[in-house]
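Student: I have the model open and want to work through it piece by piece. Can we go by question and answer?

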Amino acid sequence: MTELFHFANLVRAGIRDNQLLWMLVAGFALFPLFTHFADLPFWNDVAMRIMLLGMAAMGLNLVLGYGGMVSFGHAAFIGIGAYCVGISQFFGITNGLFHVFLSIGVCGALGLVIGYLALRTTGIYFIMITLAFAQMLFFLFVSLEQFGGDDGMSIDRADFLVIDLYEPLRLYFLIWVALVLVALGLMFIIRSRFGVTLRAIKSNESRVEAMGLVPLHFKITSYVISAVICGLAGTLFASWQEYVSPDIMHWTRSGEIMIIIILGGLGTLAGPLLGAIVFLLLEEFLPLALGAVAPAYAENWMILFGPLLIMVVLFGRGGLIGLLDKAGFARIGKRKMAVK
Amino acid sequence: MMPDPVLELRGLNKSFGALTATSNLSLTVMPGEIHALIGPNGAGKTTLIQQIYGALKPDSGQVFLNGRDLTGLSVPERIRAGIGRSFQISNVLMDFSALENGIIAEAARLGQSFRFLRPAFSDPNLIKGASAILDRVGLLDRAHLPVGDLAHGDRRMLELALALAASPSLLLLDEPMAGAGPDEGQRMTEIIESLRGRVAILLIEHDMDAVFRLADRLTVLVEGSVIAAGTVAEISQNQAVKSAYLGDED
Amino acid sequence: MTLTLILEQTFNGLQAGVTLFLVAAGLTLILGIMDFVFLAHGAQVMIGAYAAAAITQATGNFFIGLGLAIPITFASGYLLELLIIRHLYRRDHMEQVLATFGLILFFNEAIRVGFGPAALYSDLPPALSGFVEILPETPYPAYRLGVIAVGLVCALGIHLFVSKTRIGAMVRAGANNPEMTAALGINIKILFRLIFATGACLAGVAGMMLGPLTSVQPGMGEPLLILSLVVIIIGGIGSVRGAFIAAIIVGLVDTLGRVFLPSILRLFFEQATADGAGPALASMLVYILMAVVLIFRPTGLFPAKG
């Protein structure tokens, strides 16, 4: 009972950013209980996909929401993380930990190279360059016939030694643990000296320069971190989908992740995960809604999604978290400033 | 024996196409001195500051800080070498509080900006350092206010505080009184005066009362060239200066 | 590797290049003058292609299709700017990206609803379905020559317009210094709308010309969009001249690279490696070129500003 009381107090006082995040994370931990009793095991699959998308969105949010860098190429890192699994298995390496470390290494290195080349530019140039690099990698994988090319390659769930990922819910909780680690990591990073400096760079780069710091170093570092996080999401995604193809790294997927972030709330800890939930729910229910009204066009539900997105951009600043703030349920936008 | 200058400019030249912004400019700023740079609008004062600061590269000539040639050094490198700068248009971090501004600057000063674990804004060491920075300019009681809510004069104060944060040996003040009312101007003048003897200051300012009160020496810049340099007494007698500048100003 | 093949592929590269130019020209001005990330430019290509193909089908005449599709695409660009785009100028780039992304989703789906997901039938106009001998014994499709001709005429037209007319001077001023241009009292709103509509029109022409060569289907504009972004990066944002030169380079490199790189690789490496790496490298060639340009000229070869 005290938990409920505490929760009600939180809601009345306005939930803070990290509190909302951990509530959502806890919710995901408890979710399989719910699906078990409601006999809806399919929804575990959806929840896994939400967690993975949310993880990738958290990674991108570091550079986009906190760093102010509009990178349009992060789907490439997700894809490379996934292909690390596929290509390793092609060569007979099935160890899951190896996949993870390979993904971290490759995505980190690639993030460093692309980050260095792209971050010397700003504004529209930066957006276009990240987009172009992502497409370059897309075409690379399309043309690699030995790894399936356009058709992609099927994947066995990775072998994590003691953990058999084919047992029910093992993969679910592996993903959940990764989500927790990423969320923890980001929570620390955002509040650390590095994180506040990164946020300062987004606010006013020349002021940070005037403090004797080199903004580029911070940007590249955050870019590499975000690349690694997206790569991790991709690596786990490969095991979840048991399949990988270049489509996973098409530039429109980068757009999807950005949409998720803005739906939830840019530059917040809980926003990306919240946005992933909203996005996937929309994906499930918009077709149903359209089907009820105009059955012949149920397939074309995207035609609603486009204008919806435009509306969110024009009128829905701050995403869902912004709405919660306005309604008084959350106190995330009005950040408590440091006091003496 | 004359001490070595903190700042020495030798023969700086800078042109933008046909426009000459800086012409064979030399000057020195001695330790602890308040050296004012005055001249009509468009004389090239801010361009000169940019060249000392490192944001603009001179076509020729050299900038020496404490005897060290700064040629080729980037802005952050020059800051770390001992330059502090306040900007003409307030250049503080608007999305943070005054104290948070100070904390970020303090972390930078301590070389700790690349740490990932402990929260910065609640760190007692950083708060102590940042509070000291704000106290110097009398902003301590408004430390927790978001900068966006601060009055204009307070923002100029914060600007100055951040410039002082790393204990520079040379302070570049680009029109610190800009847009300040009479009270704020007075406050700013007092604080700058309290710095005399402790840090070398190159001051650009149009407020002549403040200039005559603060300046140990003056350099008068017209169309990129130095037309006169000396003490306040010497300059106010100088005919050329009077006609070129002081005569047109109030 | 015969002379015929090289010549044929060079002309193909030119054709690809001028097509890219038509798409990139409008986009580079939108990016440079309005500082607006217009991702949905590919949709303009698609609209032009569909308009031309549908009218051609209805009237049986390709040139009527072309002639009517041009004002249609101009109008669509004009309306788009008037209704939606102009509200987004003040927004930051990420919001522009997301909003135009939403536009892409909407247009692709709308086309799917209107014309179905399958490709639309679009054939070569009978007048241009033959071959022309560009050199003795070297036949080349007349239609592709037509495309090259149209592209070059458009390029010349744009060049004359921008350098000789008063409006062109305003456009140049806008590319060089948007704030100053507005301060000079030039009616920025109408100027922007016209630039936008003209850009849409040019992109539409590219789509119309491409119709008989590729398939007219939803999403056909996106690959062109990406490539034209590469062109603009290489050429420099805001520079139509840069877009032209870069587009020709990109068109040639991409076409010739795909055809000849595997063969060239076979000279240095063994068959298996060359056949494996060849296509991969060829598809990345343009991007590698972009990366190289970026290392030495981060703002492109002919930046419009400063």
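Student: In which loop of chain A does A:E242 lie?
Tutor: This is a predicted model, in which local features need pLDDT of at least 70, side-chain atom pairs count only at pLDDT 80 or more, and totals for chains, interfaces and linings use all residues. Residues are numbered from 1 along each chain as its sequence is written, with chains lettered from A and ligands numbered from 1 in the order in which they are written. Helices (H or I, at least four residues) and strands (E, at least two) are DSSP runs, numbered from the N terminus. A:E242 sits in the loop between α10 (215-241) and β4 (243-244) of chain A.

Student: Is A:E242 buried or exposed?
Tutor: Count the other C-beta atoms, placed from the backbone, within 10 Å: 20 or more is buried, 12 or fewer exposed, and in between partly exposed. A:E242 has 11, so A:E242 is exposed.

Student: What is the phi of A:E242 near?
Tutor: Most residues other than glycine have a negative phi. A:E242 is not a glycine, yet its phi is positive, near 55°.

Student: Which residue in the loop between α2 (17-38) and α3 (42-66) of chain A has a positive phi?
Tutor: The residue is exposed, with 7 other C-beta atoms within 10 Å. Its phi is about 55° although it is not a glycine. It lies in that loop between α2 and α3, and it is A:D39.

Student: How do α11 (residues 251-264) and α14 (residues 319-327) of chain A run, parallel or antiparallel?
Tutor: Axes are lines fitted to C-alpha atoms, for helices over the stretch in contact, and angles run from 0 to 180 degrees between N-to-C directions. These two axes come within 2 Å and cross at roughly 5°. Angles under 35 degrees count as roughly parallel, over 145 as roughly antiparallel, 65 to 115 as roughly perpendicular and the rest as oblique. So α11(A) and α14(A) are roughly parallel.

Student: Which residues of α14(A) make the contact with α11(A)?
Tutor: Two residues are in contact if their C-beta atoms, placed from the backbone, lie within 7 Å. On α11(A) the contact uses A:I262, A:L263 and A:G264. On α14(A) it uses A:G319, A:L320 and A:I321.

Student: Which two chains share the most contacts?
Tutor: Two pairs of chains are in contact. Chains B and C do not touch, and their nearest C-alpha atoms are 11 Å apart. The most contacts are shared by chains A and C.

Student: Which element gives the largest share of the side of chain C that touches chain A?
Tutor: Here 36 residues of chain C meet 38 residues of chain A. Elements giving two or more residues on the chain C side are α4 (93-115), α9 and α11 (271-296). The largest share, 15 residues, comes from α4(C).

Student: And which element gives the most to the side of chain B that touches chain A?
Tutor: Chain B puts 36 residues against 23 of chain A. Giving two or more residues on the chain B side are α2 (75-81), α3 (98-109) and α4 (124-136). With seven residues, the one that gives the most is α3(B).

Student: How far apart are the centres of the two domains of chain B?
Tutor: Domain bounds come from an automatic or database domain assignment. Chain B is divided into domain 1 (1-82 + 168-250) and domain 2 (94-166). Ten residues of domain 1 are in contact with eight of domain 2. Taken over C-alpha atoms, the centres are separated by 26 Å.

Student: How many residues has the largest nonpolar core?
Tutor: A nonpolar core is a set of buried Ala, Val, Leu, Ile, Met, Phe, Trp, Tyr and Cys residues joined through C-beta atoms within 7 Å. Those with the most contacts inside this one include A:A132, B:A161 and C:V230. Domains 1 and 2 of chain B both give residues to the core, so it lies between them. Its size is 295 residues.

Student: Is C:L227 buried or exposed?
Tutor: C:L227 is in helix α9 (residues 221-235) of chain C. C:L227 touches C:L20 and C:V250, leaving out residues up to four places away in sequence. With 24 C-beta neighbours inside 10 Å, C:L227 counts as buried.
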